Amino acid sequence: QQADIGLIGLGVMGANLALNIAENGYRVAVYNRTVEKTHAFHQEAGALKDKIIPCETLEDLAKNIRAPRPIILMVKAGEAVDEQIAALKPFLAKEDIIIDAGNANFHDTVRRLKELGANDPTFVGMGVSGGEEGARHGPSIMVGGTPESYARIEPVLTAISAKYEGESCAALLGPDGAGHFVKTIHNGIEYADMQMIAEIYGILRDGLALSPVEIGKIFDTWNKGPLNSYLIEITAKVLAATDTETGKPAVEIIVDSAGQKGTGRWAAIEAQMLGIPATGIEAAVAARSISALRDERARAAKAYASLGAPKLAGTDQSFIDALEQGLLAGKIAAYAQGFAVMSGASAEHGWNIPLDTTAKIWRAGCIIRSQFLDEIASAFAGGGQDNLLLAPSFVERMKTASTALRDVVAKAALAGLPTPALAAALGYFDGYRQARGTANLIQAQRDFFGAHGFKRVDKEGDFHGPWSDIG
Ligand code: NBP
């Protein structure tokens, strides 16, 4: 019996996705560049072995899938995807669909679609989030493609996706690169969320001299309130863990230098290209880059040692509460930015990305999953919302939470504790709610040195200033 679907790439994500597909009753034919992995995977599939067809060649893979064939590519993003498409094409027909499920740059997805000829198979760009566990038991799935191709793969995607109160976390979000774009912004928001949590951890560790276990308990409490989310939950767990070798708290034996594979940076770059502020994401990407300068940081710490170690004075439970509310405010601002970038890209590329559906399919399965996203989905319901910060329910929340964020950022700054993402979120919020900003001075400067002209507040037209009269 032929398979319902094919899957190429049995790495961490591919292997788990294949097991998920098989467990949901679909027969799946699998192929991996390194053939031994294919057989090892099949051998270890246990009760699901019968639903999996191991294939040694791409020709074999194509033969083992019922036409018209849907084939998921889950290989390393970049050249490997182009190589696999080229190698696969000779064995496929026009009606077949190649689904790139890796973390592709959306520009590549758009290019790959353009490169396919009239008789080549269809191409779908699909973002998958949830890591290993999500791939195995239900990820969030962000699809870019035509409604026709989506209709064909929808049953299997719905079956394998995460569910939020019974609703599937898989959706078609627009044509061509829309799915991979949304996944990129998801990862950018994830960077900002993680960085803000790390900044709060830094305040509790260095400002209040609390132990990892004590900090973990605070996060555990917060996970029962408005911050309830997967990232807060795992932060509490990570902080409570003990290193088996040394008996020390696990976080204390981990080097303070964060890795990055590029999706956060892409999110910041795309925001910049669109001219849409995403300072929370940018600050988070930059913070990872600073974290990587470990030797330089050690030298700088020595050079500035006379400034003293950071210390927060006069803090009590009300400050811990302010940290919770401040983190919430920072999070709201960062998510507002991420959604604004998606809205801008959607207009730029004519994608029509439904922001409410996007928030809905992030409620479960993905790394940033939370109750909070259900509230975002409600705020964007029916469209027409410019920015989350203007949604009535979020305006009410920010009125109190922003005061806490201000308190946290100000106290941290005075103590010398770095809060780049939280401070960026606060700066964005304050700039965004300022009806008369300070760009009038920038326009004057631009006109002074470059005769760029400016608009007047009191009449229509383009004007130049009286600069030559000065001095
Ligand atoms: P892994 O590193 O676990 O696996 C990579 C896979 O790509 C292997 O099957 C490998 O085959 C294959 N591959 C490579 Br590398 N180069 C290839 C080439 N030139 N031709 C054919 N196959 C090639 O990666 P992973 O973590 O499973 O990630 C897969 C994709 O999913 C990536 O795009 C990643 O960004 C994305 N993603 C990962 C996560 C996560 O949490 N890990 C989450 C969401 C998305 P081999 O066995 O022969 O080396």
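Before I begin, one term: a helix here is a DSSP run of H or I with at least four residues, and helices are numbered from the N terminus. With that in hand, I can say that E190 sits in helix α8, and I will return to that residue shortly. Please keep in mind throughout that what we are looking at is a predicted model.

Let me start with the overall layout. The domain assignment divides the protein into domain 1, covering 5-176, domain 2, covering 184-432, and domain 3, covering 439-469. Between the C-alpha centres of domain 1 and domain 3 there is a distance of 56 Å.

Turning to the interior, the largest nonpolar core has 142 residues, and the members that touch the most others are A18 and I281. Helix α8, residues 178-207, contributes the most to this core, with 15 residues, and the core takes at least three residues from domain 1 and at least three from domain 2. If we set aside its neighbours within four places in sequence, A18 is in contact with L7, L10, V28, V30 and I52.

Now to the ligand, and here I would ask: which residues are the closest to it? Of the 22 residues that surround the ligand, the closest are G11, M13, R33, G102 and N103. At least two residues of this shell come from each of α1 (12-23), α4 (79-88) and β6 (122-129), and the shell by class consists of eight nonpolar, ten polar and four charged residues.

That brings me back to helix α8, where the record has something to say. An unreviewed UniProt entry carries the annotation "active site" for K183 and E190. K183 is also placed in helix α8, and because 30 C-beta neighbours lie inside 10 Å, K183 counts as buried. Apart from residues up to four places away in sequence, K183 touches N103, G127, S129 and M142; N103, you will recall, is among the residues closest to the ligand. Is E190 buried or exposed? E190 is buried, because 22 other C-beta atoms lie within 10 Å, where 20 or more are needed for that label. Its contacts, again leaving out neighbours within four places in sequence, are with I367 and I368.

A further buried position deserves a moment, namely G326, which belongs to helix α14, residues 317-349. G326 has 30 other C-beta atoms within 10 Å and is therefore buried. Although G326 and R406 are separated by 80 residues in sequence, their C-alpha atoms are 7.4 Å apart in space. Beyond residues up to four places away in sequence, G326 touches A404, L405, D407, V408 and L422.

Finally, a few words on backbone geometry. Most residues other than glycine have a negative phi, and most peptide bonds are trans. Against that background, A67 and P68 are joined by a cis peptide bond, with omega about -5°, and P68 lies in the loop between α3 (58-63) and β4 (70-73). A209, which is not a glycine, has a positive phi of about 55°, and this residue is in the loop between α8 and α9 (212-222). A451, which is not a glycine either, has a positive phi of about 50°, and A451 is found in the segment after α19 (439-450). A209 is exposed, because 10 other C-beta atoms lie within 10 Å, and A451 likewise counts as exposed because of its 10 C-beta neighbours inside 10 Å.

Notes
Residues are numbered from 1 along each chain as its sequence is written. This is a predicted model: local features need pLDDT of at least 70, side-chain atom pairs count only at pLDDT 80 or more; totals for chains, interfaces and linings use all residues. A residue is near a molecule or strand if its C-beta atom, placed from the backbone, lies within 6 Å of it. Ala, Val, Leu, Ile, Met, Phe, Trp, Tyr, Cys and Pro count as nonpolar, Asp, Glu, Lys and Arg as charged, and the others, Gly among them, as polar. Domain bounds come from an automatic or database domain assignment. A nonpolar core is a set of buried Ala, Val, Leu, Ile, Met, Phe, Trp, Tyr and Cys residues joined through C-beta atoms within 7 Å. A residue is buried if 20 or more other C-beta atoms lie within 10 Å of its own, exposed if 12 or fewer, and partly exposed in between; C-beta atoms are placed from the backbone. Two residues are in contact if their C-beta atoms, placed from the backbone, lie within 7 Å. UniProt positions are given in the numbering used here, feature names are shortened, and annotations may be inferred rather than shown by experiment.
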